[in-house]
Amino acid sequence: MAVRLPDDVVRFLDRAVDRGVASSRAALVAQAVEREMRQQAAEDDAEIPRTAGAADDLDSLVAWTAAGSRLED
């Protein structure tokens, strides 16, 4: 896939490669895209409790465990 980037972005990539931040322009672009993918996945995950609620299938197990447990000092 070929991507056209603005000149200032290309200069940034070249400086980063020159400084050893990444092995190539493509490697740095791939890192940035992977970071964005993780960010979007985290945002999607964070949306789940807002839309579905915080309850899950372990709530009854937690309640049972808490009811049958004694904590002593």
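# Reading a three-helix chain

A: Read along its sequence, the protein chain follows the pattern α-α-α, and the model in front of you is a predicted one.

Q: How many helices and how many strands does the protein chain have?
A: A good first step is to list the elements before looking at how they are placed. Here the protein chain has three helices and zero strands.

Q: How spread out is the protein chain, set against a compact globule?
A: The general idea is to compare the radius of gyration with what a globule rule gives for the number of residues in the chain. In this case the radius of gyration is 23 Å, well over the 11 Å that the rule gives for 73 residues, so the protein chain is more spread out than a compact globule. Its C-alpha atoms fill a box of roughly 65 × 35 × 20 Å along the principal axes, and buried residues make up 5% of the 73 residues.

Q: What span does each of the helices α1 and α2 reach from its first C-alpha to its last?
A: The span of a helix can be set beside the value expected at 1.5 Å a residue. Helix α1, with twelve residues, reaches 16 Å, close to the expected 16 Å, while helix α2, with 28 residues, reaches 41 Å, close to the expected 40 Å.

Q: Which glycine comes just after α1, and which one follows α2?
A: Here one looks at the sign of phi in the residues that come after a helix. Glycine 20, just after α1, takes a positive phi of about 85°, and glycine 53, which follows α2, also has a positive phi, near 90°.

Q: Are α1 and α2 roughly parallel or roughly perpendicular to each other?
A: The way to decide is by the angle between the two axes, where 65 to 115 degrees counts as roughly perpendicular. The axes of α1 (residues 7–18) and α2 (residues 25–52) come within 9 Å and cross at roughly 105°, and the two helices are therefore roughly perpendicular to each other.

Q: Which residues of α1 and α2 meet?
A: A contact is read by naming the residues on each side and then sorting them by class. From α1 come Val10, Phe12, Leu13, Asp14, Ala16 and Val17, and these meet Arg25, Leu28 and Val29 in α2. By class, this contact has seven nonpolar, no polar and two charged residues.

Q: Is leucine 13 buried or exposed?
A: Burial is judged by relative accessible area, with buried meaning under 20%. Leucine 13, which is found in helix α1, has a relative accessible area of 6% and is buried. Leaving aside its neighbours within four places in sequence, leucine 13 is in contact with Leu5, Arg25, Leu28 and Val29. The C-alpha atoms of leucine 13 and alanine 27 are separated by 9.7 Å, with their positions 14 residues apart along the chain.

Q: Where do serine 24 and glutamate 72 lie?
A: Serine 24 lies in the loop between α1 and α2, whereas glutamate 72 is found in the segment after α3 (59–67). Serine 24 is partly exposed, with a relative accessible area of 27%, and glutamate 72, at 61% relative accessibility, counts as exposed.

Q: What separates glutamate 72 from alanine 27, along the chain and in space?
A: Distance along a chain and distance in space are worth reading side by side. Glutamate 72 and alanine 27 are 45 residues apart along the chain, and their C-alpha atoms are separated by 55 Å. Serine 24 and serine 60, which are 36 residues apart in sequence, are 52 Å apart in space, C-alpha to C-alpha.

How values were computed: Residues numbered from 1 in each chain as written. Predicted model: local features only at pLDDT ≥ 70, side-chain atom pairs only at ≥ 80, totals over all residues. Heavy atoms only, no water. Axes fitted to C-alpha atoms, helices over the stretch in contact; angles between N-to-C directions. Helix = DSSP H or I, 4+ residues; strand = E, 2+ residues; numbered from the N terminus. Parallel < 35°, antiparallel > 145°, perpendicular 65-115°, else oblique. Contact = heavy atoms within 4.5 Å. Nonpolar A, V, L, I, M, F, W, Y, C, P; charged D, E, K, R; others polar. Expected span 1.5 Å × (residues − 1). Rg over C-alpha atoms; globule rule 2.2 N^0.38 Å. Buried < 20%, exposed > 50% of the residue type's maximum accessible area, 1.4 Å probe, protein only.
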